[in-house]
Amino acid sequence: MEHYYLNRKYKDRLFRFIFSDKGNLLQLYNAINDSHYNNPDDLVITTIDDVVYMGMKNDLSFIIDDIMSLYEHQSTYSPNLPLRGLFYFSAMYRNYIEPMKQKLYTDSPLRIPFPVYLVFYNGSMEEPERKEILLSDLFIQNGKGMQPALECTALLLNINVGHNQKLMEKCRILKEYAQFIHTIRSKISVGLPFQEAVETAVEDCISKNILSEILRKNKAEVIDMILTEYDENEFREFLKEDSWKKGHEAGIQTGIREIIRTFSELQLPKEQLLEKLTNSFSLSVEEAEEYIEKYSKL
């Protein structure tokens with residue numbers, strides 16, 4: 001198999017690379033907003049390539065229908081995302097009003113696009129489908145009950161495989177991106193070295209028509225992006241947490257089954273069994289009933 005050598009100077013990211021295509025970006029915007037725009041040129045790209053803070057670039061920003069959207073991809077969660085968003089929006093609005101900055105000092109309101117900040121998360125930590133992260137949560141509280149002069153809200157969307165499925169079905173390219181990352185993790189889980197896992201995942205996804213056009217045309221570039229963007233430990237941490245979660249769930253199932261078997265052998269009242277299950281495993285009565293019916297047949 002041909003090997004591609006890592007170019008550490010390459011700073012783009014796969015998510016940005018994919019959605020820098022206006023057609024793909026419009027598909028994602030429509031999926032999120034239940035809109036039906038069909039002309040990619042309706043998007044006015046406002047991404048500022050030289051906005052860098054702590055080594056992180058602005059992924060994608062654009063204006064459509066008087067909405068200024070900032071889309072970021074993250075493989076690590078940070079409560080500081082809204083603070084970074086504040087910096088980005090400040091720079092984007094400054095660029096936006098530059099041609100009419102003199103109006104800042106008039107008595108007429110200067111209309112500016114409505115801000116929306118979305119973070120597409122596919123890291124190893126367990127996160128909910130959707131989660132709001134607020135800038136105000138970072139403020140030092142002075143105890144005087146004052147309202148903060150600033151707020152910035154980042155909406156985190158979990159795009160790991162199995163999450164936000166309605167969104168994934170509406171946006172094919174986002175779903176395939178998630179499947180591609182999941183395929184790399186699956187390769188690592190069976191013991192492949194990181195670079196080999198990435199390379200074989202690329203080949204597998206091409207054969208399964210997952211991001212196939214992008215991967216086929218930009219194979220070496222995509223491999224470099226993945227090797228640069230992700231740390232092998234991040235993938236292994238994901239697998240470790242996933243294995244623990246599955247083991248924990250399996251242990252719970254085993255415990256429930258053993259309790260049901262014991263109560264059955266001792267012919268103890270069902271009411272006592274229900275109480276034991278609901279208290280020991282935080283189950284509802286309905287859930288406990290389902291387990292009793294399931295494991296009593298074994």
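A search of the whole structure, which is a predicted model, finds 9 aromatic pairs. One of them joins Tyr29 and Tyr37, whose ring centres are 6.2 Å apart and whose planes meet at 55°, so the pair is tilted. The two partners sit in contrasting surroundings. Tyr29 has a relative accessibility of 4% and therefore counts as buried, whereas Tyr37, at 27%, counts as partly exposed. Ring pairs also carry the story further, linking Phe15, Phe19, Tyr29, Tyr37, Phe62, Tyr71, Phe120 and Tyr177 into a cluster.

A neighbour in sequence of Tyr29 is worth a look at this point. Asn30 has its place in helix α2, which covers residues 22-33. With a relative accessible area of 13%, Asn30 falls under the 20% limit and is therefore buried. Leaving aside residues up to four places away in sequence, Asn30 touches Ser35, His36 and Tyr37. Tyr37 thus appears twice in this region, as a contact of Asn30 and as the ring partner of Tyr29.

Turning to the overall architecture, the protein has 11 helices and 8 strands. Of its 298 residues, 41% count as buried. The accessible surface of the protein comes to about 17400 Å², and carbon and sulfur atoms account for 52% of that area. When contacts between residues at least 6 apart in sequence are considered, 64% of them join residues at least 24 apart.

Six of the strands can be followed together. These 6 strands form an open sheet with mixed pairing, in the order β1-β4-β5-β6-β8-β7. The edges are taken by β1 (44-45) and β7, each of which has a single partner strand, so one side of each is left without a neighbour in the sheet. At the β1 edge, the partner is strand β4 (residues 60-64), and the two pair in the antiparallel sense over 2 bridges. Within this pairing, Val44 stands opposite Ile63 of β4.

Towards the other edge, β8 offers a helpful point of reference. Strand β8 spans residues 153-158, and 5 of its 6 residues are buried, so the strand is largely enclosed by the rest of the structure. Strand β6 (residues 114-121) pairs with β8 in the parallel sense over 4 bridges, and here Phe120 stands opposite Leu157 of β8. Phe120 is also among the residues of the aromatic cluster, which gives a convenient way to move by eye from the sheet to the rings. Strand β7 (residues 130-134), by contrast, pairs with β8 in the antiparallel sense, over 5 bridges. In that pairing, the bridge partner of Leu134 is Thr153 in β8.

Charged side chains were examined next, and the count comes to 11 salt bridges. One of these is formed by Glu72 and Arg84, with the closest N and O atoms 2.6 Å apart. Glu72 lies in strand β5 (residues 67-74) and Arg84 in helix α3, so the pair ties together parts that are 12 residues apart in sequence. Both Glu72 and Arg84 are buried.

Other salt bridges have a more open setting by the accessibility of their residues. Glu98 forms one with Lys101, the closest N and O atoms being 3.0 Å apart. Glu98 counts as partly exposed at 41% relative accessibility, and Lys101 is likewise partly exposed, with a relative accessible area of 43%. A further salt bridge brings together the side chains of Lys217 and Glu213, at 3.1 Å from N to O. Both of these residues lie in helix α7 (residues 212-217), where Lys217 and Glu213 are 4 residues apart, about one turn of the helix. Lys217 and Glu213 are both exposed.

Helix α3, already introduced through Arg84, also takes part in a feature of the protein surface. Leu83, Phe87 and Leu138 make a nonpolar surface patch of about 210 Å². Phe87 is found in helix α3, which runs over residues 81-97. The relative accessible area of Phe87 is 34%, so this residue is partly exposed. Helix α3 therefore holds both Arg84, the salt-bridge partner of Glu72 in β5, and Phe87 of the nonpolar patch.

Conventions. Residues numbered from 1 in each chain as written. Predicted model: local features only at pLDDT ≥ 70, side-chain atom pairs only at ≥ 80, totals over all residues. Heavy atoms only, no water. Buried < 20%, exposed > 50% of the residue type's maximum accessible area, 1.4 Å probe, protein only. Pairing = 2+ DSSP bridges. Contact = heavy atoms within 4.5 Å. Areas by Shrake-Rupley, 256 points an atom, 1.4 Å probe, with all protein chains shown as cover. Phe/Tyr/Trp six-rings, centres within 6.5 Å; stacked < 30°, edge-to-face > 60°. Patch = residues over 30% accessible without salt bridge, like charges linked within 9 Å, V, L, I, M, F, W, Y side chains within 5 Å. Salt bridge = Lys/Arg side-chain N within 4 Å of Asp/Glu carboxyl O.
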